[in-house]
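Here are a few exercises to work through with the model open beside you. Try each task before reading its solution.

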Amino acid sequence: MLGTQHLTLFVVSGLLLNLTPGQDTLYIVGRSVSQGRRAGVFSVLGIVSGSVIHTLAAAFGLSAILATSAQAFVAVKLAGAAYLVYLGIRMLCERQAGVGTPTAFQAEGKWAVYRAGLLTNVLNPKVALFFLAFLPQFVAPTSESRVLSFLFLGSVFIFNGTLWCLVLVWGASAMSRRLRERPSSGQFLKRATGAIFVGLGARLAISK
């Protein structure tokens, strides 16, 4: 179909990869737990947009720069790590707004949440390399348009991943609902999420 091969294997492999916890998963869960379902959904939209960019980059060969240039890989990796650490430190340092009310859970604007999710995904070079390494295995050698094949495979992967991410949002926000009824838990959740982001950034920075 559209110049692809082993499509069933691709779908199954993609689903298994989506189920494996990673940086994007922890980001979505953190947003959903600390700020609720709406923030979780917009974080998913940001992650999905980043995946679309990676698919386009892989389709048109731009991701090859990261695969062949060690300097480009390190630069993008450190930029992504720095952004995650920045988000985490900002959440750790924010003071609680209000006393004894749910306003302790004041969420960032939806576009700020979306933008953070987008940058978290786009600035992760491992995601770019994943798309570059994974998708070509399922492009048929006889494909008349490999760009079209790339785009089709990327769309299938992103669609399945989006469904799973929305399940994560629902589950994480549901579990946090009781915690968010406690006025004192808002600041704790925000700081815990901030710590997670700092840890993710540090992990990405030192990873090879």
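**Exercise 1. Work out what share of the contacts with a separation of 6 or more joins residues 24 or more positions apart.**

Keep in mind that this is a predicted model. Start with the contacts in the protein whose partners have a separation of 6 or more, then pick out those with residues 24 or more positions apart: they account for 85%. Now look at what the chain is built from. There are nine helices and zero strands, so to speak a plain run of α-α-α-α-α-α-α-α-α from the N terminus on. Of the 208 residues, 45% are buried. As for the outside, the protein exposes about 10800 Å², and carbon and sulfur atoms supply 69% of that.

**Exercise 2. Check whether the length of helix H1 agrees with its number of residues, then find its buried face.**

Step one: H1 covers residues 7-19, which is 13 residues, and at 1.5 Å a residue they should span 18 Å. The expected span uses one less than the number of residues. Step two: the end C-alpha atoms of H1 are 18 Å apart, which agrees.

Step three: list the buried residues of H1, which are Phe-10, Ser-13, Gly-14 and Asn-18. Looking down the axis of H1, you see these buried residues fall within an arc of 135°, so they line one face of the helix. Step four: turn to the face pointing away from that buried side, and you meet the exposed residues Thr-8 and Leu-16.

**Exercise 3. Describe the aromatic pair of Phe-10 and Phe-138, and say which parts of the chain it links.**

A pair of aromatic rings is described by the distance of the centres and the angle of the planes. A search of the whole structure turns up four aromatic pairs. For Phe-10 and Phe-138, the values are 5.1 Å centre to centre and 65° between the planes, so with over 60 degrees counting as edge-to-face, that is the label the pair gets. Next, place the two rings: Phe-10 sits in helix H1, while Phe-138 is in the loop between helix H7 (125-134) and helix H8 (146-180), 128 residues apart. Finally, check burial, where the cut-off is under 20% relative accessible area. Phe-10 is buried at 1%, and Phe-138 is buried at 4%.

**Exercise 4. Do the same for Phe-131 and Phe-157.**

This pair is edge-to-face too, with 5.7 Å centre to centre and 85° between the planes. Phe-131 lies in helix H7 and Phe-157 in helix H8, so the pair ties together parts that are 26 residues apart in sequence. Phe-131 is buried, with a relative accessible area of 1%, and Phe-157 is buried with 11%. While you are looking at rings, find Phe-42, Trp-111 and Tyr-114 as well: ring pairs link them into a cluster.

**Exercise 5. Decide whether His-6 and Asn-124 are buried or exposed.**

Take His-6, in the segment before H1. Its relative accessible area is 52%, so His-6 is exposed. Look at its backbone as well: phi of His-6 is near 50°, a positive value in a residue other than glycine.

Now take Asn-124, in the loop between helix H6 (110-122) and H7. At 7% relative accessibility, Asn-124 counts as buried. One last check: Asn-124 and Val-76 are 48 residues apart in sequence, and their C-alpha atoms are 6.9 Å apart in space.

Definitions and conventions. Residues numbered from 1 in each chain as written. Predicted model: local features only at pLDDT ≥ 70, side-chain atom pairs only at ≥ 80, totals over all residues. Heavy atoms only, no water. Helix = DSSP H or I, 4+ residues; strand = E, 2+ residues; numbered from the N terminus. Buried < 20%, exposed > 50% of the residue type's maximum accessible area, 1.4 Å probe, protein only. Contact = heavy atoms within 4.5 Å. Areas by Shrake-Rupley, 256 points an atom, 1.4 Å probe, with all protein chains shown as cover. Arc of directions from axis to C-beta. Phe/Tyr/Trp six-rings, centres within 6.5 Å; stacked < 30°, edge-to-face > 60°.
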